[in-house]
Amino acid sequence: MSEEKSSQFDFWLGNWNLTWGDNGRGTNEITRILDGRIIQENFKSAPNDQGQYLQGISVSAYDPTIDQWKQTWVDNQGAYLDFVGEYEDGKMILSRDAILQDKPIKQRMVWHNIHTDKFDWSWERSKDNGESWETVWFIEYQRAS
């Protein structure tokens, strides 16, 4: 395994405070597990005005056979999402094909503006096979510890 490639997600490790929109708040704890080969995410949003919250976990691994990262996400709303992608030009981009309202779309997560104590994360979708992208959810990460 390429040590350089397997450490591309290390910027994400740690405890994070998250903010989005007018008053969206949450936390995310990112750790290495299973002999350091897997990155585990533990995400939890603060409750909204109706008391609803989003809680989810993901596991990510570098797959040297395809020279890309893979991630699987599950959450308390019953979602199961799987992504594949890579770190390039200062951004980690993981994407997937999906169906939305009976039409094929592409979805992706983009970690960008990466610094030691902060970065931005975007959930994006494309209805034109990746020609253009629309940001659906934008989160600012600030290191908590």
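These exercises, each with a worked solution, deal with a predicted model.

**Exercise 1. The first two hairpins**

Find how strands E1, E2 and E3 are joined, and describe the turns between them.

*Solution.*
Step 1. Start with E1 and E2. These strands run antiparallel, and seven bridges join them.
Step 2. Pick one residue pair. Gly 14 stands opposite Ile 30 of E2.
Step 3. Look at the turn. The hairpin of E1 and E2 has three residues between the strands. There, Gly 21 takes a positive phi near 55°.
Step 4. Move on to E2 and E3, where E3 covers residues 38–45. This pair is also antiparallel, with eight bridges.
Step 5. Return to Ile 30. In E3, Glu 41 stands opposite Ile 30. Ile 30 thus has Gly 14 opposite and Glu 41 opposite.
Step 6. Check the second turn. Four residues lie between E2 and E3, and Leu 34 in the turn has a positive phi of about 55°.

**Exercise 2. Positive phi without glycine**

Which places in the structure do Leu 34 and Asp 102 occupy, and are Leu 34 and Asp 102 buried or exposed?

*Solution.*
Step 1. Take Leu 34. Its phi is near 55°, a positive value in a residue other than glycine.
Step 2. Locate Leu 34. The residue sits in the loop between E2 and E3.
Step 3. Judge the exposure. The cut-off for exposed is over 50%. Leu 34 has 60% relative accessibility, so Leu 34 counts as exposed.
Step 4. Repeat for Asp 102. Phi is near 65° here, again positive in a residue other than glycine.
Step 5. Asp 102 belongs to the loop between E7 and E8. Its relative accessibility is 77%, so Asp 102 counts as exposed.

**Exercise 3. Three salt bridges**

How many salt bridges does a search of the whole structure find? Then examine the pairs of Asp 10, Asp 82 and Asp 97.

*Solution.*
Step 1. Recall the principle. Side chains of opposite charge can pair when their charged atoms come close.
Step 2. Note the total. The search finds seven salt bridges.
Step 3. Take Asp 10 and Arg 32. Their closest N and O atoms are 2.6 Å apart. Asp 10 lies in the loop between helix H1 and strand E1, and Arg 32 lies in strand E2, so the pair ties together parts that are 22 residues apart in sequence.
Step 4. Add the exposure. Asp 10 is partly exposed at 31%. Arg 32 is partly exposed at 29%.
Step 5. Take Asp 82 and Arg 96. The closest N and O atoms are 3.8 Å apart. Asp 82 is in strand E6 and Arg 96 in strand E7, so this bridge ties together parts that are 14 residues apart in sequence.
Step 6. Compare each residue with the cut-offs. Buried means under 20%. Arg 96 has 16%, so Arg 96 is buried. Asp 82 has 40% and counts as partly exposed.
Step 7. Finish with Lys 106 and Asp 97. Their side chains meet at 2.7 Å, N to O. Lys 106 is partly exposed at 23%, while Asp 97 is exposed at 56%.

**Exercise 4. The two ends of strand E6**

Describe Tyr 80 and Glu 88 in strand E6.

*Solution.*
Step 1. Set the limits. Strand E6 covers residues 80–88, and Glu 88 is found in this strand. Tyr 80 also has its place in E6.
Step 2. Read the exposure of Tyr 80. At 52%, Tyr 80 counts as exposed.
Step 3. Find its partners. Tyr 80 forms a nonpolar surface patch with Ile 57 and Val 74. Together they have about 270 Å² of accessible area.
Step 4. Turn to Glu 88. The residue is partly exposed at 47%.
Step 5. Compare sequence with space. Glu 88 and Gln 8 are 80 residues apart in sequence, yet 9.6 Å apart in space, C-alpha to C-alpha.

**Exercise 5. The nonpolar core**

Which residues have the most contacts inside the largest nonpolar core?

*Solution.*
Step 1. Count the members. The largest nonpolar core has 24 residues.
Step 2. Name those with the most contacts inside the core: Phe 9, Trp 12, Leu 94, Trp 111, Phe 119, Trp 121 and Tyr 141.
Step 3. Trace the strands. E1, E3, E5, E6, E7, E8, E9 and E10 each supply at least two residues of this core.
Step 4. Follow Trp 121. Beyond its neighbours within four places in sequence, its contacts include Trp 111, Trp 137 and Tyr 141.

Terms used:
Residues numbered from 1 in each chain as written. Predicted model: local features only at pLDDT ≥ 70, side-chain atom pairs only at ≥ 80, totals over all residues. Heavy atoms only, no water. Buried < 20%, exposed > 50% of the residue type's maximum accessible area, 1.4 Å probe, protein only. Patch = residues over 30% accessible without salt bridge, like charges linked within 9 Å, V, L, I, M, F, W, Y side chains within 5 Å. Areas by Shrake-Rupley, 256 points an atom, 1.4 Å probe, with all protein chains shown as cover. Salt bridge = Lys/Arg side-chain N within 4 Å of Asp/Glu carboxyl O. Pairing = 2+ DSSP bridges. Core = buried A, V, L, I, M, F, W, Y, C linked by side-chain atoms within 4.5 Å. Contact = heavy atoms within 4.5 Å.
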